[in-house]
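Trainee: I would like to learn how to read a structure feature by feature, beginning with the backbone and moving outward to the surface. Could we take the features in turn, with the general idea before the case?

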Amino acid sequence: MVNIKNKPVNYALFEYIERLEAGGALLPDTPENLLEVVGILKSYGVVLDAYSKNLIYVAEHQFLVFFQFWKYFNGDFSFKKLLRHWWHDRINFEYAEYCMKAMIWHGGGGLDQYLDSTEFEERAQAVIKAKFKNNPIILGVNQLFPDFLTELLRVSSYSTGLGQFWRVMADIFLSLSDLYDQGEIKSIPDVVEHIKAGLVADANKPITYAVKIRDKVYDIIPKSTGLTFLADTAIPYVEAVFFRGTAFHGTVSYNAQAYQIPPDQARFQYGALYADPLPIGGAGIPPTLLMQDMRHYLPDYLHEVYKRSRRGEDDLRVQICISFQKSMFCVTTATILGLMPHPVDTQNPDEQKMNRVYMQKWLDRLKTSRLEEVNNDSSFCPVALRKTV
């Protein structure tokens, strides 16, 4: 039971509830943490900008294309870009697709519900008939396998949904960096407040999707569906990517008889808040792609911290992952505060009780996460390592 005046009996994470009520965050407010979080979110914002543009391009121009050979070129193909692509001197858009597929698999939110509706089915069939009206073979395949092309449009819908979500987040993170450079972001609570304000400001931003076939525009997700940024993309993204995720190949057995993967998706704990940073760089670890992308856009002040760590740049991707994980606990804090049933500083006992019950539900899910590690000075924090050199 939750008691307003007393600490809940045997609740190990009560200190975090007290910290949130006092205006703090899940991540301690230290100059080192502030530098890491802002710096990594600056890099992440640049990468998200690229991810967002590509996902939206693929949804609008590569829909119902069976072999999307050129989808990573955003409609601007050249042999120079192709050579860079083969040499992997590029943004790894595969990671964006990994997150998108995780959202599809875990589902949740209004977007998931709409894509199973009769309205979507009707709109999808209209697009399919218009796209292939001069291709009787494909129309025949659609008759034999009516879910095949519709499922491709569901994937495209998630692609644009995630792209529109990341568009907002990229702008939030990049503006955060600008404010930090101007001296207006001075603490971790400032970071959380900036992110929360951005989430709230765009909470009701509509999520829509339309494609153009010849000279006609077809609405696949019209504005009238009422899908919005926060409820239908942000929260499902947090659930699918921050909490549940997917088991990384090579780290656990996919053999059903080994019982290393829960049979219930709701019990998955492979998300960004739980993942061990040390395997980063290994084969079959999708976040390696993200860390590789972010290393190209690190601000100089953060890159210098990594260089002065115990291993220098030998484990740069792991260090980036640790900083990224810290930043995601700040984003999680902003989400928790933004969805709080009552103001966090309320003086009404009943409202305080409801808030504490709400926060305890979040923290219950974080018990096995990396929360304790990012709050421990003896963790693998690159700044902590620098102090020991």
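Trainee: Is Leu-64 buried or exposed?

Mentor: The model is a predicted one, and the general idea is that a residue counts as buried when its relative accessible area is under 20%. Leu-64 has a relative accessibility of 4%, and therefore it counts as buried. Its place is in the loop between α2 (31-61) and α3.

Trainee: What does the phi angle of Leu-64 show?

Mentor: Most residues other than glycine have a negative phi. Leu-64 is not a glycine, and yet its phi is positive, at about 55 degrees. Asn-74 also has a positive phi of about 55 degrees without being a glycine, and its place, too, is in the loop between α2 and α3. As to exposure, Asn-74 counts as partly exposed because its relative accessibility is 32%, whereas Leu-64, at 4%, counts as buried.

Trainee: How should I read the salt bridges, and how many are there?

Mentor: The idea is a distance rule, in which a side-chain nitrogen of Lys or Arg must lie within 4 Å of a carboxyl oxygen of Asp or Glu. By this rule the count comes to 18 salt bridges. One of them joins Lys-81 to Asp-76, with 2.9 Å between the closest N and O atoms. Both partners are partly exposed, since the relative accessibility of Lys-81 is 33% and the relative accessible area of Asp-76 is 44%.

Trainee: Which parts of the chain does the salt bridge between Asp-116 and Arg-154 tie together?

Mentor: In that pair the closest N and O atoms are 3.9 Å apart. Asp-116 lies in the loop between α5 (109-114) and α6 (118-131), while Arg-154 belongs to helix α8, so the pair ties together parts that are 38 residues apart in sequence. The two ends also fall into separate exposure classes, because Asp-116 has a relative accessible area of 58% and is exposed, whereas Arg-154 is at 17% relative accessibility and counts as buried.

Trainee: Where do Glu-304 and Lys-307 lie with respect to each other?

Mentor: Glu-304 and Lys-307 both belong to helix α12 (residues 300-307), where they are three residues apart, about one turn of the helix. Their salt bridge has its closest N and O atoms 3.6 Å apart. Glu-304 is partly exposed, with a relative accessible area of 36%, and Lys-307 likewise counts as partly exposed, at 40% relative accessibility. Elsewhere, salt bridges with shared partners join Asp-49, Lys-53, Arg-167 and Asp-171 into one network.

Trainee: Turning to the surface, which residues form the nonpolar patch?

Mentor: A patch gathers residues that have over 30% relative accessible area and no salt bridge, with nonpolar side chains joined when they are within 5 Å. Here the nonpolar surface patch is formed by Phe-66, Phe-67, Phe-69, Trp-70, Phe-77, Phe-79, Leu-144, Phe-145 and Phe-148, which together have about 1100 Å² of accessible area. To take one member, Phe-145 lies in the loop between α7 (136-144) and α8 (148-181), and it counts as exposed because its relative accessibility is 51%.

Trainee: How much space lies in the largest pocket, and what lines it?

Mentor: A pocket is best read through both its volume and its lining. The largest pocket holds about 350 Å³ of space, and it is lined by 13 residues, of which Arg-84, Asp-89, Arg-90, Ile-91 and Phe-93 lie nearest its centre. By class, the lining consists of five nonpolar, three polar and five charged residues. Helix α3 (residues 79-86) gives the most to this lining, with three residues.

Trainee: Finally, how far apart in space are Thr-150 and Arg-267?

Mentor: A separation along the chain and a separation in space are best read side by side. Thr-150 and Arg-267 are 117 residues apart along the chain, and their C-alpha atoms are separated by 29 Å. Thr-150 is found in helix α8, and it is buried, since its relative accessible area is 0%. For a second pair, Asn-255 and Gly-163 are 92 residues apart along the chain, with 33 Å between their C-alpha atoms. Asn-255 lies in the loop between α10 (229-244) and α11 (287-295), and its relative accessible area of 43% is why it is classed as partly exposed.

Terms used: Residues are numbered from 1 along each chain as its sequence is written. This is a predicted model: local features need pLDDT of at least 70, side-chain atom pairs count only at pLDDT 80 or more; totals for chains, interfaces and linings use all residues. Side-chain values use heavy atoms; hydrogens and water are left out. Patches are made of residues with over 30% relative accessible area and no salt bridge: like charges are joined within 9 Å, nonpolar side chains (Val, Leu, Ile, Met, Phe, Trp, Tyr) within 5 Å. Accessible areas come from the Shrake-Rupley method with a 1.4 Å probe; for residues, only the protein chains shown count as cover. Helices (H or I, at least four residues) and strands (E, at least two) are DSSP runs, numbered from the N terminus. Buried means under 20% relative accessible area, exposed over 50%, partly exposed in between (1.4 Å probe, protein chains only). On a 1 Å grid over the protein atoms alone, a cavity is a set of points where a 1.4 Å probe fits but cannot get out, and a pocket is an open set with protein on both sides within 12 Å along at least five of seven lines; lining residues have an atom within 4 Å of a point. Grid points are joined across faces, edges and corners, and a volume is the space filled by probe spheres set on the points. Ala, Val, Leu, Ile, Met, Phe, Trp, Tyr, Cys and Pro count as nonpolar, Asp, Glu, Lys and Arg as charged, and the others, Gly among them, as polar.
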